[in-house]
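The following exercises are to be worked with the sequence and the three-dimensional model in view. Each task is followed by a solution in steps.

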Amino acid sequence: MQINPGAAEFPHRQIAAQLKAQVRRGDWGPGERLPSIPAIAEMFGVAKQTVQRAVDQLRVEGILITKPGSGTYVRGTRRRLNRLSRGRYGGFRGYHTDLAARYRQQLVSVGRAPAPPEVADAFGVADGTELLCRRHLVRTDDSAVEVGASWFLPADTAGTSLERAEAFGRPLYQEAEEATGRRYVTATDTISARQPSREEAEILQIRPDTPVLHLLHVAYDAQRKPIEVAHATWPGPMTTLTEEYRIPAPAEDPDPDPGLVLG
């Protein structure tokens, strides 16, 4: 292990590249602990602060994870989520079975709350308007992987099951359809990248400078009026969104006009 002092790349980036290469080669497998910061610094002949910057970079990239009082470990495989509208509604308007098998959704709270700007804009109401909010957390066996919420207009949900702080034995949209009497017909998903809020970073157990992926999901009825506005946030470096789809075959050229002479 060595760095090139004359290279244009900063020393901590050189170290990060070499550590990443070792992880890819399998020198350290998923869940395996790396040598200590002082040990790595001695290997490269650099200050501990330089190695710490390299480790910080790889944590942000989702390659390493640091457990306080324990050490730095190789993170397991990236989480592959299908949380776009197709996956949410499943092939037959029911649970997305693969998602349900790998993740557990926990209802955190239900009640009126001020609508954030993106939710207010989707419903066409003023920022801070009190709406019904159902907050949730999605977990794997060892960590939180998603924080999110579903928002509804109080006029649609007053006196219905959606106001109760309880989980349902079916997807939320099916409960909403029955409670509101409105059918989900179309939906849009908008994905953006940003820095996490302090609360999101704490819940997802990521550094405040780790980027997150943020999904805004708006479901409409047949009159193109929103029924539900939902948002979800995931740790960006540890999450991939994968969708498989068919590519149309080329259209066959029509027979040329027999009366047309070319050349």
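**Exercise 1. Classify Tyr-73 by its accessibility and describe its surroundings.**

Solution. The model is a predicted one. Tyr-73 has a relative accessible area of 13%. Because the limit for a buried residue is under 20%, Tyr-73 is classed as buried. The residue belongs to strand β2. Setting aside residues up to four places away in sequence, Tyr-73 touches Gly-31, Glu-32, Arg-33, Leu-34, Ile-63, Leu-64, Ile-65 and Lys-67. For one of these, Ile-63, the C-alpha atom is separated from that of Tyr-73 by 8.7 Å, with the two residues ten apart along the chain.

**Exercise 2. Determine how strands β1 and β2 are joined.**

Solution. Strand β1 covers residues 64–67 and strand β2 residues 71–74. Four bridges link them, and the strands run antiparallel. One of the bridge pairs can be located at Thr-66, whose partner in β2 is Thr-72. Three residues lie between the strands, which together form a hairpin. In the turn, Gly-69 has a positive phi of about 75°.

**Exercise 3. Establish the strand order of the six-stranded sheet and identify its edges.**

Solution. The order is β4-β5-β6-β9-β8-β7, and the sheet is open with antiparallel pairing. Strands of a sheet pair through backbone hydrogen bonds, in either a parallel or an antiparallel manner. The edges are β4 (104–114) and β7 (186–194), each of which pairs on one side only. With direction ignored, neighbouring strands are turned against each other by 15° on average. Within the sheet, β6 (residues 144–152) and β9 (residues 226–235) run antiparallel and are joined by five bridges. At Trp-151, the bridge partner in β9 is Val-229.

**Exercise 4. Assign the packing of helices α2 and α3 to an angular class and name the residues in contact.**

Solution. Helix α2 spans residues 37–44 and helix α3 residues 48–60. Their axes are 8 Å apart and meet at an angle of about 110°. The range from 65 to 115 degrees counts as roughly perpendicular, and α2 and α3 are therefore placed in that class. On the α2 side, the contact is made by Ile-37, Pro-38, Ile-40 and Ala-41. On the α3 side, Lys-48, Val-51, Gln-52 and Val-55 take part. By class, the contact comprises six nonpolar, one polar and one charged residues.

Helix α3 also holds Gln-57. This residue counts as buried, at 17% relative accessibility. When its neighbours within four places in sequence are left aside, Gln-57 is in contact with His-12, Arg-13 and Ala-16.

**Exercise 5. Find the aromatic pair and state which parts of the chain it ties together.**

Solution. The count comes to one aromatic pair. Tyr-173 and Tyr-184 form it, with 5.7 Å centre to centre and 55° between the planes. Planes under 30 degrees apart would count as stacked and those over 60 as edge-to-face, so the pair is classed as tilted. Tyr-173 is in helix α8, whereas Tyr-184 is in the loop between α8 and β7; the pair therefore ties together parts eleven residues apart in sequence. Both tyrosines, Tyr-173 and Tyr-184, are buried. In helix α8 (residues 172–180), Glu-175, Ala-176, Glu-177 and Thr-180 are among the buried residues as well. Gly-181 follows α8 and has a positive phi, near 75°.

**Exercise 6. Compare the location and accessibility of Gln-205 and Arg-224, each with a positive phi.**

Solution. Most residues other than glycine have a negative phi. Gln-205 nevertheless has a phi near 55°, and Arg-224 one near 65°. Gln-205 lies in the loop between α9 (198–204) and β8 (212–220), while Arg-224 lies in the loop between β8 and β9. With a relative accessible area of 61%, Gln-205 is exposed. Arg-224, at 47%, counts as partly exposed.

**Exercise 7. Summarise the protein chain as a whole.**

Solution. The secondary structure comes to nine helices and ten strands. Of the 263 residues, 41% count as buried. Among contacts with a separation of 6 or more, 59% are between residues 24 or more positions apart.

Key
Residues are numbered from 1 along each chain as its sequence is written. This is a predicted model: local features need pLDDT of at least 70, side-chain atom pairs count only at pLDDT 80 or more; totals for chains, interfaces and linings use all residues. Side-chain values use heavy atoms; hydrogens and water are left out. Axes are lines fitted to C-alpha atoms, for helices over the stretch in contact, and angles run from 0 to 180 degrees between N-to-C directions. Helices (H or I, at least four residues) and strands (E, at least two) are DSSP runs, numbered from the N terminus. Angles under 35 degrees count as roughly parallel, over 145 as roughly antiparallel, 65 to 115 as roughly perpendicular and the rest as oblique. Contact means heavy atoms within 4.5 Å. Ala, Val, Leu, Ile, Met, Phe, Trp, Tyr, Cys and Pro count as nonpolar, Asp, Glu, Lys and Arg as charged, and the others, Gly among them, as polar. Two strands pair if DSSP finds at least two bridges between them. Buried means under 20% relative accessible area, exposed over 50%, partly exposed in between (1.4 Å probe, protein chains only). Rings of Phe, Tyr and Trp (its six-membered ring) pair if their centres lie within 6.5 Å; planes under 30 degrees apart count as stacked, over 60 as edge-to-face and the rest as tilted.
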